[in-house]
Amino acid sequence: MTQSPTSAVRIQAPLKTVFHALTDPAELRVWFAEHAEVDLPNRYDFWGRHTLEGDAPHQRVLEASDEHIKFAWTLDGTETTTEIRLTETDGETLVAVYQSHFDRNLLFSGSTSPLVALETFWALALGNLADHVEGRTLGPKVDYTAKVGEFSATLTVDAPADRVRTALTDSEQATAWFGYPIGIEPEVGGRFAMGGLEAAGDHAARFVSLDATSATIDWGGMVTSWELEGSGGQTTLTFVTSGFDAANPPYAAWGGWLSGLVELRRYLEQPNWRSVFVQN
């Protein structure tokens with residue numbers, strides 16, 4: 001088991017409340033999985049279209065207490081190990097997931113194994129857990145059964161469209177809410193670089209269109225676009241990823257974008273914003 005968590009969030013609620021959301025089947029079906037059945041210490045099953053290889057439950061409980069759950073999870077024919085640990089400090093609960101068999105190098109290998117998507121799977125899940133426990137509207141989930149050539153998600157943000165646009169096109173703001181360096185040159189032909197402009201050089205994605213309410217970014221084999229519709233101080237953000245092989249959808253990348261977008265909403269809506277994600 002890796003010593004650093006694969007993903008971790010801080011939640012403004014007591015440990016007991018968070019643990020209930022993690023172990024009550026009815027609550028799990030709201031924020032986490034299409035299907036869930038729990039009877040600790042014997043069973044912690046989740047499956048369905050929002051779960052990697054979710055055709056059936058593939059989990060087996062190894063350990064359980066009031067502060068942690070550890071289970072085996074078979075993916076791609078490999079028995080991985082997942083441990084969820086909870087720690088409470090002054091009414092705030094840290095939830096950390098330690099996931100074996102995840103290698104970030106796989107993200108750039110072209111592999112289609114579900115193991116590639118483990119990090120963004122847990123990032124999105126924990127982001128939705130935080131919203132659920134703190135009483136906010138849940139963001140969209142990944143449908144891991146979808147074999148399509150386009151992914152689309154819509155979020156309503158309690159902020160005017162110009163503020164949303166700035167957060168999407170300003171390097172400093174995008175880096176803050178996404179939790180990873182992003183370099184942006186906000187103009188047609190300008191670069192959009194995960195990891196920063198200097199690191200990407202000429203290999204960065206490029207804006208092929210950009211105006212006050214929409215943008216299209218070409219990654220070379222995949223296209224990301226967004227559109228804003230403002231009304232009454234709120235903005236509907238429609239985010240689309242397209243142009244990929246429908247037989248091998250980029251679930252890992254899409255999960256990463258969705259976890260980032262729900263953090264974007266928190267960033268714009270919370271006056272004293274602090275990311276729910278805890279960086280390793």
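In this predicted model, five strands form an open sheet in the order β1-β7-β6-β5-β4, with antiparallel pairing. The edges of the sheet are taken by β1 (7–11) and β4 (59–64); each has a single partner strand, so one side of each is left without a neighbour in the sheet. On average, and ignoring direction, neighbouring strands of this sheet are turned by 20 degrees against each other.

Within the sheet, strand β5 (residues 68–75) runs antiparallel to strand β6 (residues 78–89), and eight bridges join the two. One pair to look for on screen is Lys70 with its bridge partner Glu83 in β6. Two helices can then be placed against these strands. Helix α1 (residues 15–23) lies across β1, β5, β6 and β7 (92–99) and runs at about 155 degrees to β6. Helix α3 also packs on the sheet, where it touches β1, β5, β6 and β7, and its direction makes about 5 degrees with that of β1.

Strand β7 offers a handy landmark in Leu94. This residue is partly exposed, as its relative accessible area is 33%. Leaving aside residues up to four places away in sequence, Leu94 touches Ala8, Val9, Arg10, Arg85, Leu86, Thr87 and Val278. For a sense of scale, the C-alpha atoms of Leu94 and Ser152 are separated by 31 Å, with the two residues lying 58 residues apart along the chain.

Helix α3 deserves a second visit, this time for Asp131, which is found in this helix (residues 118–133). Asp131 is buried, because its relative accessible area of 0% falls under the 20% cut-off. The side chain of Asp131 makes a polar contact with the side chain of Arg136, at 2.5 Å. Beyond residues up to four places away in sequence, Asp131 touches Arg136, Thr137, Leu138, Val262, Arg265 and Arg266.

In soluble globular proteins, nonpolar side chains tend to be buried together. Here, the largest nonpolar core holds 78 residues, of which Tyr44, Val95, Trp122 and Leu129 touch the most other members. Helix α3 supplies the largest share of this core, with ten residues. Tyr44 has contacts with Leu22, Thr23, Leu28, Glu37, Val38, Gln59, Val61, Ile69, Phe71 and Ile84, again not counting residues up to four places away in sequence.

A further pair of strands is formed by β2 (residues 35–39) and β3, which pair in the antiparallel sense over five bridges. A hairpin of three residues joins β2 to β3, and Glu37 stands opposite Asp45 in β3. Strand β3 (residues 43–47) is largely enclosed by the rest of the structure, because four of its five residues are buried.

Stepping back to the whole protein, the model has seven helices and 14 strands. Its radius of gyration is 19 Å, close to the 19 Å that the globule rule gives for 280 residues, so the protein is as compact as a globular protein of that length. Along the principal axes, its C-alpha atoms fill a box of roughly 55 × 40 × 30 Å. Of the 280 residues, 49% count as buried. Contacts between residues at least 6 apart in sequence include 51% that join residues at least 24 apart.

Key. Residues are numbered from 1 along each chain as its sequence is written. This is a predicted model: local features need pLDDT of at least 70, side-chain atom pairs count only at pLDDT 80 or more; totals for chains, interfaces and linings use all residues. Side-chain values use heavy atoms; hydrogens and water are left out. Buried means under 20% relative accessible area, exposed over 50%, partly exposed in between (1.4 Å probe, protein chains only). A polar contact is a pair of N or O atoms within 3.5 Å; within protein, one must be able to donate a hydrogen and the other to accept it, and residues adjacent in sequence count only if both atoms are side-chain atoms. Contact means heavy atoms within 4.5 Å. A nonpolar core is a set of buried Ala, Val, Leu, Ile, Met, Phe, Trp, Tyr and Cys residues joined through side-chain atoms within 4.5 Å. Two strands pair if DSSP finds at least two bridges between them. Axes are lines fitted to C-alpha atoms, for helices over the stretch in contact, and angles run from 0 to 180 degrees between N-to-C directions. The radius of gyration is taken over C-alpha atoms; the globule rule is 2.2 Å times the number of residues to the power 0.38.
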